[in-house]
Amino acid sequence: MRLTINGRSQDVEVPPRCTLLHLLREDLHLTGTKEGCGIGTCGACTVLVDGKAVLSCLLLAVQAGGRSVETIEAAGAGPDPLLDAFIKHDAFQCGFCTPGQIMALRGLFQRDPRASAEEIRRAVEGNVCRCGAHLRIQAAALDVAAPSGGSIPE
Ligand code: FES
Ligand code: FES
């Protein structure tokens, strides 16, 4: 099948039960996308499919056929205010959840660059951070949405 990955059209051969996560990591070596739980509960594997955040461990690769997939490698390819804000706010510790957090927020900001604190919270509510950086992640995102100020409500 053919699909677009990070702006590049690619032909791939995948068995019917192969997940999009497996295709990305194992076949295409795009290892920025992480596998946490593998069963749709942690958000570590979040990528964008046609601009929408999806859990790539739950999506069959064939379901992405003909569609446009964006991974953390696309976010890391150029200057990105969200990445800068993560660094500024120290919004990670081990970094394992970070690609998923960033892709969930990237999807939100592509739809609404001025998303509210509540929308930010909802965008990453399925992304678990075992290091407990949730508030700093939300602060970083709010910095991008409202650079002139704003705070995450308690
Ligand atoms: S690895 Fe996909 S949700 Fe956890
Ligand atoms: S930074 Fe370690 S799990 Fe989020």
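This is a dialogue on reading the sheet, the helices and the domains of a predicted model.

Me: Into which domains is the protein chain divided?
Reply: Start with the broad division before going to single elements. Here the chain falls into domain 1, residues 2–75, and domain 2, residues 81–145. Their C-alpha centres are 20 Å apart. To the contact between them, domain 1 gives 18 residues and domain 2 gives 14 residues.

Me: What is the order of the strands in the open sheet?
Reply: Strand order is read across the sheet, not along the chain. In this model five strands form an open sheet in the order 2-1-5-3-4, and the pairing is mixed. Strand 2 (8–11) and strand 4 (52–55) are at the edges with a single partner strand each, so one side of each has no neighbour in the sheet. From one strand to the next the twist averages 35 degrees.

Me: How many bridges join strand 1 to strand 2, and in which sense do the strands run?
Reply: For any pair of strands, look at the direction and then at the bridges. Strand 1 and strand 2 run antiparallel and are joined by four bridges. One residue pair to find is Arg2 with its bridge partner Asp11 in strand 2. The hairpin of these two strands has two residues between the strands, and Asn6 takes a positive phi near 50 degrees there.

Me: Which residue takes a positive phi in the hairpin of strand 3 and strand 4?
Reply: Take the strands, then the turn. Strand 3 and strand 4 are antiparallel, with four bridges between them. Their hairpin has two residues between the strands, and in it Asp50 has a positive phi near 50 degrees. Within the pairing, Leu48 has Ala53 of strand 4 as its bridge partner.

Me: What stands opposite Leu48 in strand 5?
Reply: A strand inside a sheet can be followed to either side. Opposite Leu48 in strand 5 is Glu70. Strand 3 (residues 46–49) pairs with strand 5 (residues 68–70) in the antiparallel sense, over two bridges. On the other pairing, Leu48 is partnered by Ala53 in strand 4.

Me: Which strands does helix 1 lie across?
Reply: To place a helix on a sheet, list the strands it touches and then read an angle. Helix 1 (residues 20–27) lies across strand 1 (2–5), strand 3 and strand 5, and runs at about 105 degrees to strand 3. Helix 4 (residues 98–111) also packs on the sheet, where it touches strand 3, strand 4 and strand 5. The direction of helix 4 makes about 30 degrees with that of strand 3.

Me: How are two packed helices described?
Reply: By the angle between their axes and the distance between the axes. Take helix 4 and helix 6: their axes come within 12 Å and cross at roughly 30 degrees. An angle under 35 degrees counts as roughly parallel, so helix 4 is roughly parallel to helix 6. The crossing is right-handed.

Me: Which residues of helix 4 and helix 6 make the contact?
Reply: After the geometry, name the residues and sort them by class. Helix 4 contributes Gln101, Leu105 and Phe109, while helix 6 contributes His134, Ile137, Ala141, Val144 and Ala145. Six residues of this contact are nonpolar, two are polar and none is charged.

Me: At what angle do the axes of helix 3 and helix 6 cross?
Reply: Apply the same steps. The axes of helix 3 (residues 81–88) and helix 6 (residues 134–145) come within 8 Å, crossing at roughly 135 degrees. The two helices are therefore oblique to each other, and their crossing is right-handed. In helix 3, Pro81, Leu82, Ala85, Phe86 and Lys88 meet Ile137, Ala140, Ala141, Asp143 and Val144 of helix 6. By class, that contact has eight nonpolar residues, no polar ones and two charged.

Me: Which residues of helix 4 does helix 3 meet?
Reply: Again, geometry precedes the residue list. The axes of helix 3 and helix 4 come within 10 Å and cross at roughly 135 degrees, and the pair is therefore oblique. Helix 3 passes helix 4 in a right-handed crossing. Leu82, Leu83 and Phe86 of helix 3 meet Thr98, Gln101, Ile102, Leu105, Arg106 and Phe109 of helix 4. This contact has six nonpolar, two polar and one charged residues.

Methods:
Residues are numbered from 1 along each chain as its sequence is written. Chains are lettered from A and ligands numbered from 1 in the order in which they are written. This is a predicted model: local features need pLDDT of at least 70, side-chain atom pairs count only at pLDDT 80 or more; totals for chains, interfaces and linings use all residues. Side-chain values use heavy atoms; hydrogens and water are left out. Axes are lines fitted to C-alpha atoms, for helices over the stretch in contact, and angles run from 0 to 180 degrees between N-to-C directions. Angles under 35 degrees count as roughly parallel, over 145 as roughly antiparallel, 65 to 115 as roughly perpendicular and the rest as oblique. A crossing is left-handed if the near helix is turned anticlockwise from the far one by less than a right angle, and right-handed if clockwise. Contact means heavy atoms within 4.5 Å. Ala, Val, Leu, Ile, Met, Phe, Trp, Tyr, Cys and Pro count as nonpolar, Asp, Glu, Lys and Arg as charged, and the others, Gly among them, as polar. Two strands pair if DSSP finds at least two bridges between them. Domain bounds come from an automatic or database domain assignment.
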